[in-house]
Amino acid sequence: MGEQPIFTTRAHVFQIDPSTKKNWVPASKQAVTVSYFYDSTRNSYRIISVDGSKVIINSTITPNMNFTKTSQKFGQWADSRANTVFGLGFASEQQLSKFAEKFLEVKEAAKLAREKSQEKMETSSDQSQESGRETPSGNQASSLNGTDDEKISHVPDDTALKTENDRLKSVVEQSKKLETELQVLKDRNAQLTDTLHEANSNAESWRSKVTQSQGENNQLRHKISELEDQCKEVNLERERNAQLSLRIQELEADLQEKEQELEDLRKQAETIPQLMSKCESITAKLQAAETANRDLSEKMTLLQSEIDDSQQNQKNMKSELKKFMDALDGKIDELHEVRQSISKLGVDN
């Protein structure tokens, strides 16, 4: 199967300045593809990134490597074989977290692969030692049957032959390893060529996409190019360029967020006609309600005046009724007196 990609992302690539060992130097002018590759032949893992026709990352992962997050969107790792430190700037914290998780996973896999390889080497070494023990015993048996002079002259020859034999075995094994590595390098070269073509096609598509969203970034990039032209030999300006590149990443992330917000606003704008029709309906209902309210207010005013008139009439009627009751009481008293007079007359008669 050879070497196959197992994880791919996009990021801005940086390398540590070899002179200062402090400042970051951009290895890519824009975000490029960064991939994890697994070589089933050698049971190894690598991080590879290509910018155009230039390989900017070719780092074999070992169990001793560590990936460190230095900010929300930036991470780094040291490669002792390449004698450098690589840095990656991502568009979002989520992409950085996924890359770091994959790094840890690949690191553990490389550790297991090394342990299995060591076990195989130890097993092979034990077998060679056992076979080596058998060979000297035969020589010892033959030397016991010889004279003392033969014993003295035979031992150095066996040691020299064994040393030469071990050296020849080492040379043969090294030659086999070199042949295997040569074949692996040929396969990797073919794969890198395919990856290069794929990266070129991806870069073209990405450039076309980036061109559409460069309206707000052209001015900043123009300033960056002017600063780079004016300050190419100044280390302080290199650091500023790295900071500006990180700022571009943040702006691109902000641009994506703004585009998402614009898309949400467009979706909300589609509902504006419905809201306008509802608003007009509610306005008509509100006007009708206001008209009804005015009518009710007028009716309430009339009813209130009628109530006031009725209350005044009731007061007048109560006054007249009281006068009538007082007159009626007087008449009743008069009738009572007449009745008593009639009763007295009856008794007298």
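Is Arg238 buried, exposed or partly exposed, and at what relative accessibility? I looked that up to start with: Arg238 comes out at 32%, which counts as partly exposed. Note to self: this is a predicted model.

**Entry 1, the Asp17 pair**

I checked what Arg238 does with its side chain, and found a salt bridge to Asp17, 3.8 Å from N to O. I placed both ends next. Asp17 sits in the loop between strand 1 and strand 2, while Arg238 belongs to helix 4, so this pair ties together parts that are 221 residues apart in sequence. I then looked up the cover on the acid: Asp17 has a relative accessible area of 3%, so I wrote it down as buried.

**Entry 2, helix 4**

Since Arg238 is in helix 4, I went over that helix. I tested its length first. Helix 4 covers residues 235–270, and at 1.5 Å a residue its 36 residues should span 52 Å; I got 52 Å between the end C-alpha atoms, which agrees.

Which residues of helix 4 are buried? My list has Glu237, Asn241, Ala242, Ser245, Ile248, Gln249, Leu251, Glu252, Ala253 and Leu255. I also noted what the buried residues pack against: strand 1 (3–16), strand 2 (24–26), strand 8 (84–89) and helix 3 (218–230).

**Entry 3, more salt bridges**

How many salt bridges are there by the N-to-O cut-off of 4 Å? I count seven. I wrote up two more of them.

Arg247 pairs with Glu250, with the closest N and O atoms 3.4 Å apart. I see them three residues apart in helix 4, so about one helical turn separates them. That fits the textbook picture: an α-helix has 3.6 residues a turn, so residues three or four places apart point the same way. For accessibility I have Arg247 at 41%, partly exposed, and Glu250 at 36%, partly exposed as well.

Lys102 and Glu105 form a salt bridge too, at 3.5 Å from N to O. I find both in helix 1 (residues 93–144), again three residues apart and about one turn of the helix. I flagged Lys102 as buried, because its relative accessible area is 16% and the cut-off is under 20%.

**Entry 4, a nonpolar patch**

Last, I looked at the surface. Leu321, Phe324, Met325, Leu328 and Ile332 make up a nonpolar patch, and together they have about 460 Å² of accessible area. I picked Met325 for a closer look: it is in helix 5 (residues 272–348), and I have it as partly exposed at a relative accessible area of 39%.

Note on methods. Residues are numbered from 1 along each chain as its sequence is written. This is a predicted model: local features need pLDDT of at least 70, side-chain atom pairs count only at pLDDT 80 or more; totals for chains, interfaces and linings use all residues. Side-chain values use heavy atoms; hydrogens and water are left out. Patches are made of residues with over 30% relative accessible area and no salt bridge: like charges are joined within 9 Å, nonpolar side chains (Val, Leu, Ile, Met, Phe, Trp, Tyr) within 5 Å. Accessible areas come from the Shrake-Rupley method with a 1.4 Å probe; for residues, only the protein chains shown count as cover. Helices (H or I, at least four residues) and strands (E, at least two) are DSSP runs, numbered from the N terminus. Buried means under 20% relative accessible area, exposed over 50%, partly exposed in between (1.4 Å probe, protein chains only). The expected span of a helix is 1.5 Å times one less than its number of residues. Contact means heavy atoms within 4.5 Å.
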